[in-house]
Amino acid sequence: MFNVSRTTTQSRFRSIPFNSLLACGLLIPSTQLAAQSVLEEIIVGSSRVEMPLRDVGTSVTVLTQDEIVQRGFLSLPDLLRTQPSIAATNNGGPGKATSLRVRGEEGYRTMVVIDGIDISDTSSPQVSPRLEQLLTSGIARVEILRGPQGLSYGADAGGVINIRTATPNEGLGGGVSVEQGRYDTQQLSGRIGGSFDSVDFLISGADFSTDGFNARNTDTDLIDDDGYDNQTLHARAGWDVNDSLRVEAVARQVEGDNAFDGCFNSAFLSSNDCDDSFQQDSWRISAALTQEQFSHELAYSDNTTERVFFAENSTFFAAEGGLERLSYIGQWRRSDNMSLVYGVDQEKESIDDGSFDRSRRQTGIYGEYQGRLSESFTVTAGARHDDNDDFGTYLSYRVSGAWVTDLAGGELKLKGAYGTGFRAPSLYEISYNNGPFARPPAADTVLSEETSGGYDLGVAWATENGTYLEVTWFDQEIDDLITFDLVGFSGYVQQAGRSDSQGIELITDLPLAMGFRLNGNYTWNETTTPEGDQRAFRPEHLANLGIAYQNADSRLRVGVNVRSSASAVDTFGADLDDYVLMDVNASFEVITGLTVYGRLENALDEEYAEIPTYNTAGQAAYAGVRYEF
């Protein structure tokens, strides 16, 4: 068996179909908070060091292992959609390109870290994680840091999704699960691990396949199913050399094969007979030394991605990317009320697509003061200096504060944070504009770095019976946004001026009688371009409303979640349809360790589109069995 610790977090309103429910106060995040000492829970996602939630001024949401398993989603993006301020678009089913937008910003401004490894794909047009390739199998905890405040992760970390795999208990333990459902979807997954005196290990794997469905409604010639296969292996091992020193190694491999619609064959004619293959190999080694006042961690990671695209069985594009990172992070604890976090990192990113082969380095150094000025008031203040081979130096910073006091039988928390950052144009963006396919105005554009800044202010109230309420206002801006020219297809251009995203997040978790719990969230998000237009694929209204039940001995569990998206526009400003989806899940522990479960996705069989011309899944039932030992 495996355990991990857990944690939590964060529009004017216009009427949407679903608002009648939300206005009743049932506006909620899906984190099932413990009934006692919610604000004492420990998180690491804000500053990469352990902090109790009461001291954290940034906005952090946590998904625990229990919730991940109960919701049952096989794809990580489907799971993340249930969280505040997260919108996603998918190009036609599992394995297809998926864009995740946190607080209205593009997915390449959000870093994804798995057991300390930055899994960004540098062969992509923008350095970004390939979220469509991530399964939930083996994941025990997810912390989501929202806003341009990833100080210790890097100036370009506009947000961070920090993922941790399971931590084994004493002795040997593991589990295996088998699932099957609509579209001939199948997954076999398992893990085994253990902790023995000073040594522990974990090995997990998953084999996922689906026939899928026709990815685009413009495919009127083949009209075929566009399937996807994924094999993921993950291993972690640790050795406690002594009471102070721990050495750890992590290795991960993901292979994905995907069929899709809308490519160009060797004659540059449109085709729907398209495939792509993806392979990512990554590893990390680290050594952590913990002393009475000081702690240190030195780590090195390497991440290599290979992508190949085929049209009618002939290769039309291939690229390889690499990301190496050497980092040190330290902490000096003067007392329980004051500490300094500091570090340095150097990363080398590279891309090779046959026509160009480039690499560059970026070195960063940072420090953050963390002080509890009184029993109820904590502040942090930090700065980061980055030196990029192409774009020189940049100084970013972050400040935050949290104040907690007793109120009405619970604890009231006021929090706020402000942070800045920058993103250098990617190697692909630069090389494309200098390549043979670029034309004016892109070919005449000398790309410069994007800069960003944002703040949020929030209030939360927590009680010992597990009730949690939170309201957060956020406002963030990006100057000199880099986009692809979708009018003339000339290449990458830079929008002079400021792109803005602001809104309100409402979060609630409410225990009810007889084993029921109500949870959910609502986000109002107004996004604007420098010209004042709404930004594409950013719903102005996002909501999740869920109710969960478990009986007295926790053997029977049932959950229903309703997700709503409204007031979004496409690339050219045309309105997209609003939609409401319902998912239902249930599980029953037959005997100790043996559980049968089922899930009904899109239970109302809603017909909807996230991107024009791309199909979405209809009503789909899945069932499986898992055994834990």
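Me: Let's start in strand E21: which residue is the bridge partner of His296 there?
Reply: Keep in mind that this is a predicted model. His296 finds its bridge partner in E21, and E21 (residues 314–335) pairs with strand E20 (residues 294–311) in the antiparallel sense. The partner of His296 is Gly330.

Me: And which residue in E22 is the bridge partner of Gly330?
Reply: E21 also pairs with strand E22 (residues 338–352), antiparallel over 15 bridges. The two strands form a hairpin with two residues between them. In E22, Gly330 is matched with Tyr342.

Me: In the hairpin of E20 and E21, which residue takes a positive phi?
Reply: E20 and E21 run antiparallel and share 18 bridges. Their hairpin has two residues between the strands, and the one with a phi near 50 degrees is Glu312.

Me: How many bridges join E31 and E32?
Reply: Strand E31 (residues 541–550) lines up with E32 in the antiparallel sense. Within this pair, Tyr549 stands opposite Val558. The hairpin has five residues between the strands, and Ser554 takes a positive phi near 65 degrees. The bridges between E31 and E32 come to ten.

Me: Which residue in E33 does Leu556 stand opposite?
Reply: E32 pairs with strand E33 (residues 579–591) too, antiparallel over ten bridges. Across from Leu556, in E33, sits Phe588.

Me: Is strand E32 largely enclosed or largely open?
Reply: Look at residues 556–566, which make up E32. Eight of these eleven residues are buried, so the rest of the structure leaves the strand largely enclosed.

Me: Which strands stand at the edges of the open sheet that includes E9 and E10?
Reply: This open sheet has five strands in the order E4-E9-E10-E7-E8, with mixed pairing. Two of them have a single partner strand each, so one side of each is left without a neighbour in the sheet. Those edge strands are E4 (59–64) and E8 (117–118).

Me: Which residue in E9 stands opposite Val60?
Reply: E4 and strand E9 (residues 139–146) run antiparallel, joined by six bridges. Opposite Val60 in E9 is Leu145.

Me: Which cysteines form the disulfide?
Reply: The structure holds one disulfide. Its sulfur atoms are 2.1 Å apart, and the link is left-handed, with -90 degrees about the S-S bond. Both cysteines are buried. The pair is Cys263 and Cys274.

Me: How far apart in sequence are the parts tied together by Cys263 and Cys274?
Reply: The disulfide joins Cys263 to Cys274. Cys263 belongs to strand E17 (residues 263–264) and Cys274 to strand E19 (residues 274–290), so the link ties together parts whose separation is eleven residues.

Me: What is the relative accessible area of Ser282?
Reply: Ser282 is found in strand E19. Beyond its neighbours within four places in sequence, its contacts include Ile117, Val250 and Asp302. Ser282 is buried, with a relative accessible area of 3%.

Me: How many residues apart are Glu106 and Arg538?
Reply: These two form a salt bridge, with the closest N and O atoms 3.1 Å apart. Glu106 lies in the loop between E6 (98–102) and E7 (110–114), while Arg538 lies in the loop between E30 (516–528) and E31, so to speak a link between distant parts of the chain. Glu106 is buried at 18%, and Arg538 is buried at 6%. The separation of Glu106 and Arg538 is 432 residues.

Me: Is Asp390 buried or partly exposed?
Reply: Asp390 forms a salt bridge with Arg360, the closest N and O atoms being 2.9 Å apart. Asp390 is in the loop between E24 (377–388) and E25 (392–407), and Arg360 is in strand E23 (residues 357–372). Arg360 is buried at 5%. Asp390, at 33%, is partly exposed.

Me: What is the relative accessibility of Glu450?
Reply: Glu450 meets Arg423 in a salt bridge (3.1 Å, N to O). Arg423 is in strand E26 (residues 410–423) and Glu450 in strand E27 (residues 450–463), 27 residues apart. Arg423 counts as buried at 8%. Glu450 counts as buried as well, at 2%.

Me: How many salt bridges does the count come to?
Reply: Besides pairs, there is a network of salt bridges whose members include Asp115, Arg164 and Glu248. The count for the structure comes to 42.

Methods. Residues are numbered from 1 along each chain as its sequence is written. This is a predicted model: local features need pLDDT of at least 70, side-chain atom pairs count only at pLDDT 80 or more; totals for chains, interfaces and linings use all residues. Side-chain values use heavy atoms; hydrogens and water are left out. A disulfide is a pair of cysteine sulfur atoms within 2.5 Å. Helices (H or I, at least four residues) and strands (E, at least two) are DSSP runs, numbered from the N terminus. Buried means under 20% relative accessible area, exposed over 50%, partly exposed in between (1.4 Å probe, protein chains only). Two strands pair if DSSP finds at least two bridges between them. Contact means heavy atoms within 4.5 Å. A salt bridge is a side-chain nitrogen of Lys or Arg within 4 Å of a carboxyl oxygen of Asp or Glu.
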